[in-house]
Amino acid sequence: MLYDAASDPAARSPPALREAYEEQLRAVVDDVGVEAAAAESGVDREAVKSVADGPAPDLRVEDAAALLALDDGRPDAETIVLELQDHLLMAMTTGVVDVDTIASNVDLDLSGQEIQQAIEGRTSMTLAQLAAIQQFLAERNDR
């Protein structure tokens, strides 16, 4: 479900964590094929091809969820996104972290408000942004 792509996200760099997400996606795309994945998920064919060929750091979380949902063992895309948002919000609560703290500790050039909007799904978040946020929260919660 993206957030569980790596067993220890705190121990990885954001690019390594993003690659773990992409490996999860690549397995699904390899299983169904680029053309079928694009047609069934509604994700742009070039974006699906970039997942298959790697890397795809600009892939949106919503598109990643649509691709993951093609795996019969996973829930639908909306549920995947909602579970991811819940996971991030719970990590913020557990670590007693606010969005301004995240913004000042990740290399994303986003304000606290923009991070909040991305976590809440009011704006798109890329896999690279997700990796930076998740890695920071996991590291913070491992203290």
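1. Let me start in a loop: D109 sits between helix 6 and helix 7. Its phi comes out near 55°, which is a positive value in a residue other than glycine. As for surroundings, D109 counts as exposed, at 75% relative accessibility. Bear in mind while reading that this is a predicted model.

2. V96 belongs in the same conversation. Phi of V96 is near 50°, again positive in a residue other than glycine. You'll find V96 in the loop between helix 5 and helix 6. With a relative accessible area of 70%, V96 is exposed, because the cut-off for that word is over 50%.

3. One more backbone item to look at is the peptide bond from G54 to P55. That bond is cis, and its omega is near -20°. P55 is part of the loop between helix 3 and helix 4.

4. Now the interior. How many residues does the largest nonpolar core have? The count is 47, and the residues with the most contacts inside this core are L2, L59, L67, I102, I133 and L137. At least two core residues come from each of helix 1 (14–32), helix 2 (34–41), helix 3 (45–53), helix 4 (61–68), helix 5 (77–94), helix 6 (99–105), helix 7 (112–119) and helix 8 (127–141). Helix 8 gives the most, with seven residues.

5. L2 deserves its own look. Not counting residues up to four places away in sequence, L2 touches Y21, Q24, V61, A64, L68, L84, L127, L130 and Q134. Keep some of those names in mind for the helix pairs below: L127, L130 and Q134 appear on the helix 8 side of its contact with helix 1, and Y21 on the helix 1 side.

6. On to helix 1 against helix 8. The two pack at an angle of about 125°, with their axes 8 Å apart. That angle makes helix 1 oblique to helix 8. The crossing is right-handed. Helix 1 brings P14, L17, R18, Y21, E22 and L25 to the contact, while helix 8 brings L127, A128, L130, A131, A132, Q134 and Q135. By type, the residues of this contact split into nine nonpolar, two polar and two charged.

7. Helix 8 also packs on helix 5. Here the angle is about 35° and the axes are 9 Å apart. The crossing of helix 5 and helix 8 is left-handed. On the helix 5 side the contact uses L84, H87, L88, A91, M92 and T94, and on the helix 8 side L130, I133, Q134, L137 and N141. Which residue types make up the contact of helix 5 with helix 8? There are seven nonpolar and four polar residues, and no charged ones. If you want to tie this back to the core, I133 and L137 are among the residues with the most contacts inside it.

8. The pair formed by helix 2 and helix 3 is worth a look too. Their packing angle is about 135°, and their axes are 9 Å apart. That makes helix 2 oblique to helix 3. The crossing is right-handed. V34, E35, A37 and A38 of helix 2 meet R45, V48, K49 and A52 of helix 3. This contact divides into five nonpolar residues, no polar ones and three charged.

9. Back to helix 5 for a side-chain check: Q85 lies there. Is Q85 buried or exposed? Buried, with a relative accessible area of 14%, because the cut-off is under 20%. Leaving aside neighbours within four places in sequence, Q85 is in contact with I119, E120 and G121. I'd pull these residues up together in the viewer.

10. Last, a residue in helix 1: A27. At 49% relative accessibility, A27 counts as partly exposed, because exposed would need over 50%. How far apart are the C-alpha atoms of A27 and V99? They are separated by 32 Å, and the two residues are 72 residues apart along the chain.

Key:
Residues numbered from 1 in each chain as written. Predicted model: local features only at pLDDT ≥ 70, side-chain atom pairs only at ≥ 80, totals over all residues. Heavy atoms only, no water. Core = buried A, V, L, I, M, F, W, Y, C linked by side-chain atoms within 4.5 Å. Buried < 20%, exposed > 50% of the residue type's maximum accessible area, 1.4 Å probe, protein only. Helix = DSSP H or I, 4+ residues; strand = E, 2+ residues; numbered from the N terminus. Contact = heavy atoms within 4.5 Å. Axes fitted to C-alpha atoms, helices over the stretch in contact; angles between N-to-C directions. Parallel < 35°, antiparallel > 145°, perpendicular 65-115°, else oblique. Left-handed = near helix turned anticlockwise from the far one by under 90°. Nonpolar A, V, L, I, M, F, W, Y, C, P; charged D, E, K, R; others polar.
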